[in-house]
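Let's take a walk through this structure together, from the overall fold down to a few local details. Keep the model open beside the text as you read.

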Amino acid sequence: MFQRHWFLLSAVHLVVAHQKDHRQHQTIAVSHRGEASYVRSSKPEVSASPASSQGDQEPEEPIEKDEDEDDAKDNGSLMMNAEFKALLERLRAHRPADFANILRESYAVFNGQAGECHALRHASTIEDNETCPDRCRYFAEDASTPFPCVFKCVTANECGKAWADTREVEAIPGEDLYCRACEIRGCKECHATLEECIECKTEFGFELNQLGGCDLNTPGVEKTLLKLLLGMSLVGMIWYFSLTCCRKWSNLKEEELALEFRTATKLLQGSVHYYQDLNKELGEIKEAPTERKLLPLSTSLMATPVAGPGSPLYFRFLVFIIFLLTWTYITWIVIATKDLQQLGLDSESEPRLACKASYQGVLAWGEGRKASVNFLIATYVSWFLFIVVFAIWQKRSFNRFSEDCVQMSDFTLLIQGLPAMSGELPCEQILADHIAEATGQKVIGVSIGWDYGAIGDAARILEILEDLEDDLNREQSGLEPTPQAPYEPPFFVFRIIDWLIFDLAFGIPTTPRPDIHYDMEEAKKVATSCRSSEFGFVIFESEEARDKALEVKEISFRFFSKLQLSIPDEEPSGVRWFDFAISRSQIPFRCVKYFLIVLGTVCVQTAWFLPYALWAASIEVAEGGKDPTGFVHQMALILVTFSNFTVFLVCQWAAEKAGFVMQSDVHHFYMIMYIWSTLANFVLDVVCEFVIAYQLAVENNVRNWVGTPIEQLNYYEMVTTYSMSRRLGEKFQEWMFPPLFLLPFLLEPIFLGWLFFHLQRRAVRVFPHLRGRDAQVALSICGAMDTGRYADFVLNISAAMLILFTPGGFYSYVWVACILSLLYMLLADRYRVLRYVPAFTFNRPALDESAQGLLALPLGIIAMACVWETHCYDYALDIIKRDACKEENAWFRMGGGFIAHVIVHKLVLKFVVPLFVKTTGNRGNSTPYSKVASLLAASYFNTNPLHCIRSRFYYKHDPPCDYYTHGKEHLLRRNEQISQFYERRTTTQKENYWWW
């Protein structure tokens, strides 16, 4: 009778309020987030009478019902009808009402007394430890009401019977005294009353066994892959044992020398490409130390520009990210209610408790919605203000660091617009005289960016310079190479492994290479067969002279050329001389080309990873959200790690091939490609987690609070359903920590740090042909200080903000985990800079400015969450205006909010922030170039390969301009006539590598 009256009232109300016949199946609808959902099956069809149900057995001992009980039931139904009418009138009147009160009133209709059989009671009114009377000991969900989460006490024989108005899928009396569904893993169809499976989910790889259970039949591919991994691991251990214990270590002296060179390539005191000890009052700099030592571990990297004036900005950016997350976490703790902070952390041990948890979750959300909106608005506004203030502080800090640092670029101007000149002419001298005459300033010299494409084999130029460097090293040291020890080749299989690991992966030759010394005639030909590119560098006597020459905007040159002068964006060590052969007009097309290659790589990885991810998701769904063996999850983790590492390598390769002549432009382009490619993988991971959460919800027949199955909802209603949102939060939490936040950064120092270097040392010890330069290259540091770290920071904090679309109970865990992971990254990068990576320079603020622009991504996500939370906020409970709360409106507003924020974010950083930063002018430094060049080894002359070759074989300077190699500064010779002022026989501190 109750069911008939309920649908009658619903139909009348929908006709009056909406005039839409197609919505007659719906009942009272609340806000898009006001849904109490739980793990349930869809409502079964209820028979007209017990006799009309086929296949159901009559109860053996039915509970006797007298006429008084029937009359009481009818009177209760009339009372419930009156309650619903009053509730509808409140909604129709559009009076602002408290969500919690309306929800409580709607559930208070089911006010059966405790201890009565078949009394309808909502799960929220049942105590956790309450039990049914002995004559009807089991809680079962009532199937006669359209409202979910309405339970009653029944006998064991009434579980899962249509004639008893209980849900057919819950036909097994559970040990916890509630009617439950079959709990056999991987079962598709269970026996009606027994814990025995009839049909297993064969599509997920489960097979029916003789005991009525389902066994997971691991596919042959996975078994083969497991065997292959075990076999490779066994062979690898045997190979490593032979490499360490069974082969003769006959190259220990070369290993020691190569380790000294490795230390010399790191960031050392007095070996950087700038000098910070500038006396501002006198305009002079102090002498550099004679011994190059490792920087102390106590060095403040936020206050000391150990790698150029831009290096402190990197560490300040990381600390700022940690501050933003910490601020967000504290704001959440202060503003959010206690119930809101625990939302989503409830358990679903049984249907009744799951319903109660869902009800309490929706109730807590309704009561705390205002606090949640206030938190999001406060977070968005405070973040935006913090980012603007931080951008201003970063620009001012860079200007201050730049003023305190003396660099080669302070004396240099970049020349653009050079005509093609033959190498048979004294081009450097011609250009220097012309610029000195046009500007009226004394020119120290000119270094031309040569078109190496005209030579043919640019790699041969480096080989010639390496041979000259080796000859000079033997001349200065007076040491002759020691005789090479005989080499005994290992077993054939081990030789193959040696080639795969050392030759192919590490680039270390396992067989001797032919020693081809340079030919004098060949070197002379190289010096004269080149032609100039459109770029060059002119060096002036002082910074003041440079600034005065810069006032001359344009200089006329031969062949109707117009030379344009500008301040270079890079120090000498950051100029990519070989890329001057690429025309600047080709750069945009090359960037598009290599960017498409990177995206193609991501698409290919998606094509082969997505099927496995979906299959792994299906296994997890069939197991109720858990990996049965652990191997599926581990393999997915290996594939994701390999995928990310491949993207990292492809992005590095593409940035190197793009053709930029400045290393800072390479870093910038690499960061852009890396952020977009990892963002594509990031979106793929989010989609996979959503698919798993959705499949779990469908598998468990999750419904919203009005009883609609999850598969019948649109995406907006689906995500805002409490149980779906809760499951999504659980999946996000598992995916973010540790796999996303911490694991890659823990594996990086282990594999790319310790393991790589450990095998490098073993190779140098074992292969006696690795001598001199070959040994130094073999023990070179793997993993430079790349700018992809900026992208990692932004992606991690963006992922942490995605948790805002889930219940509030997951916020604290994710944010604290992200904060701790970022603290680890801060300490790890600090150690990398001071002890591991080779010397690098961040001379320009462009990288930090780009990273600040990327912060529009996490802040845009917060803006989307604000729109998400406030969508239909004013009339969320108004059933008459429910048509205005459409799915399309929500997605449109969220997308519009994100795009609007990104535009405003970019405009503020570009136009507003510079208004609060003073432009750096001439600091009045009159220190001569000769003084600075005597302290800084790298110059625009000795880092230019062809300039060094022309100095020796064309101009025949004595001594010539020696080629600069970082770590071998002691080989440079002084010659003031060609502006070479550096000559220092410094020593390098020995580093202890015993633990490697």
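Before we start, one term is needed for what follows: a helix here is a DSSP run of H or I with at least four residues, and helices are numbered from the N terminus. With that numbering, α10 gives the largest share of the lining of the largest cavity, 4 residues. We will come back to that cavity after a look at the whole chain, bearing in mind that this is a predicted model.

The chain has 996 residues, and 53% of them count as buried. Its secondary structure consists of 27 helices and 20 strands. Among contacts with a separation of 6 or more, 77% are between residues 24 or more positions apart. The accessible surface is about 45,200 Å², with carbon and sulfur atoms making up 58% of it.

Now turn to the interior. The largest nonpolar core holds 120 residues, and those touching the most other members are Phe317, Leu325, Met801, Leu804, Trp815 and Leu822. Helix α16, spanning residues 663–699, supplies the largest share of this core with 13 residues. Trp815 is a good place to centre your view: beyond its neighbours within four places in sequence, its contacts include Leu325, Tyr329, Trp332 and Phe375, as well as Ala800, Met801, Ile803 and Leu804. Apart from this core lies another, of 56 residues, including Leu418, Leu465, Leu468 and Ala523.

Leu465 and Leu468 also lead us back to the largest cavity, since both are among the residues that line it. Its volume is about 140 Å³, and it is one of 12 cavities of 30 Å³ or more found in the whole structure. Two elements, α10 (458–477) and α27 (945–953), each give two or more residues to the lining. Which classes of residue make up that lining? There are 7 nonpolar and 5 charged residues, and no polar ones. Among the charged residues listed are Glu469, Arg952, Asp962, Lys968 and Arg973.

Finally, some backbone details deserve a visit. Phe737 and Pro738 are joined by a cis peptide bond, with omega about 5 degrees, and Pro738 lies in helix α18. A cis peptide bond also joins Asp958 and Pro959, with omega about -5 degrees; Pro959 is in the loop between α27 and β20.

His118 is not a glycine, yet has a positive phi of about 65 degrees. His118 sits in the loop between α3 and β2, and counts as buried because its relative accessible area is 18%, under the 20% cut-off. Leu177, also not a glycine, has a positive phi of about 65 degrees and lies in the loop between β5 and β6. With a relative accessible area of 24%, Leu177 is partly exposed.

How values were computed
Residues are numbered from 1 along each chain as its sequence is written. This is a predicted model: local features need pLDDT of at least 70, side-chain atom pairs count only at pLDDT 80 or more; totals for chains, interfaces and linings use all residues. Side-chain values use heavy atoms; hydrogens and water are left out. Buried means under 20% relative accessible area, exposed over 50%, partly exposed in between (1.4 Å probe, protein chains only). Contact means heavy atoms within 4.5 Å. Accessible areas come from the Shrake-Rupley method with a 1.4 Å probe; for residues, only the protein chains shown count as cover. A nonpolar core is a set of buried Ala, Val, Leu, Ile, Met, Phe, Trp, Tyr and Cys residues joined through side-chain atoms within 4.5 Å. On a 1 Å grid over the protein atoms alone, a cavity is a set of points where a 1.4 Å probe fits but cannot get out, and a pocket is an open set with protein on both sides within 12 Å along at least five of seven lines; lining residues have an atom within 4 Å of a point. Grid points are joined across faces, edges and corners, and a volume is the space filled by probe spheres set on the points.
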